[in-house]
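Consider the model below, and follow its nonpolar cores, its cysteines and one acidic side chain in turn.

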Amino acid sequence: MYFIGVDLGTSAMKLIMMDETGKIWRSVSKEYPNSFPKPGWSEQEPADWYAACISGVRELVEGVDASLVRGLSIAGQMHGLVTLDEHDEVLRPAILWNDGRSGEEVSFLNGEIGRERLVSFTGNIAFAGFTAPKIIWMQKNEPELFSKIKKIMLPKDYLVYRLTGEFVTEPSDASGMLLFDVKNRQWSDDMIAICGIDREWLPQVHESYEVVGEIRGDAASDMGLPSGVKVIAGVGDNAAAAIGMGVTGEGACNISLGTSGTLFISRDRFSLDPGNALHSFAHADGSYHLMGCMLSAASCNKWWMDGIIGTDDYAAEQSGISDDRLGRNPVMFLPYLMGERSPHNDPDARAAFIGMSMDTCRPDMTQAVLEGVAFGVRDMLEAARAAGCDVRTSRICGGGAKSPLWQKIVADVCDLTLEIPECEEGPGMGAAMLSMVGCGVYSDLSEAAASIVRIRETISPDREIVKRYEGKYKTYIKLYPALSNM
């Protein structure tokens, strides 16, 4: 039997086909364009996602017995606003998770509505990336389009709707909308009223592992699939990445160094971060998690390598950074290229290099970028520890985590033991595992993880380098407050 996991990412869609043992038979990637109409804005066309999904699955199953495909599940970039009219036509390009236009709306929600009320309604305060501020922005700035809304959905749920005709979502992704009562896993009537929308505009909520429909005839034909392929509700990308890493159960932790960076800590019960630096979200296994998100992580390194120094040989640039340099770099980097969410909640925050001199060299700058992102992860970890999470071990994934140097820097900056899996396919793997649970191969995600996820390597922090980085981190945490007042 085959199970398809789709990762609807920010720059590309990644699809994998896996059997019930966890063996990956094929993977495909399909890129699509991003649009940045104004500084701080980020949009995509939902039609591009659907086209990528259709062509990606068709390529995925080419030359194999497609009748063995049993289920499909989608992991999606979170928070994006997709709006449809009464004819199911998309009203405007989707406003993405890393879009910072809704600063005034966030201030309104956190200020006039109040943080305490928001937390009581949803378990979270407002962040610029969340969906609710985008809805209020659209109401204020695009009233004609807003008046035509009949459906509001998240990116992956748009694909599920196109594939099955079912208007549904699930708790892990809905948690990031600021419309969802996370603790009780249902829509918040208070937030619906605040945002000026109708409840009928919001999808029905299923658990992530539940079957919500089958791929419709036209879509199945276009994909090269037989009729009867089940579609599972799906999952937000960060929860999906955690599932693919085997992160289920109380206290299990995952760090992701993708376009954004996340800290994901699984909790058996709903809990809050009293400092509001971390999000309190539902997990795809029916439990909960605390999550911090920094908006620029591996994208910082890509920006530096591709855009500034003009190279695609990342390994060569890192090769001269030896252990004796770690924790001794005079140059520091603030990784706020797209503003920041955790812990500062500041869409206007910006990146900076600090500490340069006539002696500064290219490796210093490269090392500073890697360290700056690691310090950002440490910021989130400190918030988690303040919230009562005693995290000493974490799994790590994402494009940035493929760098042995970056793995070591994160381990030493955060004083964490890192576990590297044998197979790291990110959210697509988590989505495929959800599909297996939905189709009855495994009873739950914990059983699936125990059977499929295996650890290849463990990286322990170097005590001497940990001490050196401790002093650097104390300097790092002074930089944002100093520069934010300029």
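Leaving aside neighbours within four places in sequence, which residues is Ile197 in contact with? In this predicted model, Ile197 touches Ile135, Phe146, Ile152, Leu179, Ile192 and Leu202 once those neighbours are set aside. Two of the residues in that list, Ile152 and Leu179, also appear with Ile197 as the residues with the most contacts inside the largest nonpolar core. That core has 72 residues, and helix α14, spanning residues 426–438, gives the most to it, with 7 residues. Another core, of 56 residues, lies apart from it; among its members are Cys253, Val377, Ile396 and Ile459.

The cysteines come next. A search of the whole structure finds 0 disulfides. Cys397 is buried, since its relative accessible area is 2%, under the 20% cut-off. The closest cysteine sulfur to that of Cys397 belongs to Cys253, and because the separation is 10 Å, it is too far for a bond; a disulfide would need the two sulfur atoms within 2.5 Å. For Cys439, the closest cysteine sulfur is in Cys53, and at 16 Å this pair is also too far for a bond. Cys439 counts as partly exposed because its relative accessibility is 22%.

The last stop is an acidic residue in a loop. Glu207 lies between β12 (204–205) and β13 (211–214). Its relative accessibility is 17%, so Glu207 counts as buried. The side chain of Glu207 is joined to that of Arg185 by a polar contact of 2.9 Å. Beyond its neighbours within four places in sequence, Glu207 is in contact with Arg185 and also with Glu170, Pro171, Ala233 and Gly286.

Key. Residues are numbered from 1 along each chain as its sequence is written. This is a predicted model: local features need pLDDT of at least 70, side-chain atom pairs count only at pLDDT 80 or more; totals for chains, interfaces and linings use all residues. Side-chain values use heavy atoms; hydrogens and water are left out. Helices (H or I, at least four residues) and strands (E, at least two) are DSSP runs, numbered from the N terminus. Buried means under 20% relative accessible area, exposed over 50%, partly exposed in between (1.4 Å probe, protein chains only). A polar contact is a pair of N or O atoms within 3.5 Å; within protein, one must be able to donate a hydrogen and the other to accept it, and residues adjacent in sequence count only if both atoms are side-chain atoms. Contact means heavy atoms within 4.5 Å. A nonpolar core is a set of buried Ala, Val, Leu, Ile, Met, Phe, Trp, Tyr and Cys residues joined through side-chain atoms within 4.5 Å.
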